[in-house]
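Work through the exercises below with the sequence and the coordinates at hand. Each task is followed by a stepwise solution.

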Amino acid sequence: MFLNKITILNYKNIAEAHLQLSPKINCLIGNNGEGKTNFLDALYFLSFCKSANNPIDSQLIRHSQDYFLLEAEYINSNDNTELVSCGLKRGVKKTLKRNKKAYKRLSEHIGLIPLIMISPNDISLIEGGSEERRRLMDVVISQYDNTYIDTLTRYNKALTQRNTMLKAEEEPDLTLMELMEQEMGRLGEAIYSKRKEFIEQLTPIFQHIYKEISASGERVAIEYKSHCQRGPLLDVISRDRAKDRIMGYSLHGIHRDDLDFMLDDYMMKREGSQGQNKTFVTALKLAQFDFLRNIVNSGRSNSKLETPLLLLDDIFDKLDANRVEQIVRLVSSDNYGQIFITDTNREYLDKILEAGSDDYKLFFVENGEIRMKEEKHV
């Protein structure tokens with residue numbers, strides 16, 4: 001899968017852009033705050049029906065405007081065209097269309113255009129709360145398993161209903177409470193099984209990539225923590241019902257799952273330097289790409305998964321020259337499909353272009369305007 005053409009209207013600070021893109025490497029150069037990241041965020045929105053860093057859709061509309069519109073033409077591995085468009089007017093529900101037909105549920109779209117994005121915000125995977133690390137698992141799994149989002153949505157609905165009963169002043173209906181707990185137990189164990197399998201398969205890929213980038217003897221690991229590891233989830237949830245009632249919310253369940261990121265047997269958040277943290281999250285995201293690509297090659301997906309797009313947003317900051325060189329070597333290889341890279345200067349981009357494909361496009365971004373600076377074809 002690659003993005004062939006895109007039109008952007010009033011998305012964040014981008015007033016209007018009509019771009020024809022390279023199926024291989026697309027570089028965007030510009031100072032901070034000019035709109036490079038906003039362009040990548042538009043691509044993210046077209047894959048996931050939401051922004052990568054702002055959960056409020058109305059705030060994505062350019063100031064003083066009433067709407068935004070994204071229209072894109074993708075070419076899949078069978079050389080078929082997929083037209084995807086998304087529009088939002090202030091005060092109106094957003095619409096997402098595939099080949100001019102609107103989706104009944106936005107979740108049906110997830111996985112059509114697989115995408116992995118690496119950005120400075122990824123440091124929150126180490127420094128942020130557990131919800132960031134659960135989202136990491138959910139975003140990847142939902143792209144190759146088309147039942148995952150529905151299962152997670154139904155679990156969260158049961159969780160919300162149980163929490164409402166726990167907070168109520170009157171004593172909750174025991175039968176209804178047990179029904180919600182049974183639902184949480186059944187759905188939670190299904191989610192746990194898929195998360196566990198994902199982390200088990202991702203970890204060796206991640207460790208290999210980290211070793212390549214760091215070129216050091218540092219040992220890294222990912223440890224998955226879940227209440228499902230304490231026994232049947234229904235038992236774990238129900239036996240602390242009295243304590244949950246006092247607290248007013250559910251203390252146990254897969255909504256409390258977490259990942260421990262380890263460096264030489266110590267927690268990454270306590271021991272990692274800026275460079276090590278950046279290397280860790282970069283390797284983690286590149287491993288997600290490799291994981292999805294392996295699924296494509298093996299045909300194991302229960303959806304027709306395509307090779308993901310790879311978005312690299314200002315990834316070289318805080319890395320020493322050796323680690324930059326290794327990342328350049330990795331992303332310049334033939335293992336990746338279409339890549340979008342942003343940076344404030346051409347130094348690293350030129351190294352990637354010299355080492356990689358001869359088919360690339362270079363864009364200059366200033367004050368929300370995106371214009372092609374150079375173009376070269378094989």
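A salt bridge here is a side-chain nitrogen of Lys or Arg within 4 Å of a carboxyl oxygen of Asp or Glu. The model is predicted, so local features need pLDDT of at least 70 and side-chain atom pairs count only at pLDDT 80 or more, while totals for chains, interfaces and linings use all residues. Residues are numbered from 1 along each chain as its sequence is written, and side-chain values use heavy atoms, with hydrogens and water left out.

**Exercise 1.** Find the salt-bridge network that contains Arg 105, and then the salt-bridge count.

Solution. Step 1: Arg 105, Glu 108, Asp 150 and Arg 154 are linked in a network of salt bridges. Step 2: the count by this rule is 23 salt bridges.

**Exercise 2.** Describe the salt bridge of Asp 244 and Arg 162, and state whether Asp 244 is buried or exposed.

Solution. Step 1: the two side chains meet at 2.9 Å, N to O. Step 2: Asp 244 belongs to helix H7 and Arg 162 to helix H4 (residues 148-167), so the bridge ties together parts 82 residues apart in sequence. Helices (H or I, at least four residues) and strands (E, at least two) are DSSP runs, numbered from the N terminus. Step 3: Asp 244 has a relative accessible area of 0% and is buried; Arg 162 is also buried, at 0%. Buried means under 20% relative accessible area, exposed over 50%, and partly exposed in between (1.4 Å probe, protein chains only).

**Exercise 3.** Treat the salt bridge of Glu 200 and Lys 196 in the same steps.

Solution. Step 1: the N to O distance is 2.7 Å. Step 2: Glu 200 and Lys 196 are four residues apart in helix H5 (residues 174-214), which means a separation of about one helical turn. Step 3: Glu 200 is partly exposed at 48% relative accessibility, and Lys 196 is partly exposed at 33%.

**Exercise 4.** Which geometry does the ring pair of Tyr 11 and Phe 68 have?

Solution. Step 1: rings of Phe, Tyr and Trp (its six-membered ring) pair if their centres lie within 6.5 Å; planes under 30 degrees apart count as stacked, over 60 as edge-to-face and the rest as tilted. Step 2: a search of the whole structure gives 13 aromatic pairs. Step 3: the centres of Tyr 11 and Phe 68 are 5.1 Å apart with planes at 90°, so this pair is edge-to-face. Step 4: Tyr 11 lies in strand S1 (residues 2-11) and Phe 68 in strand S4 (residues 67-75), 57 residues apart. Step 5: both residues are buried. Step 6: Phe 68 also forms an edge-to-face pair with Phe 45, at 5.4 Å centre to centre and 85° between the planes.
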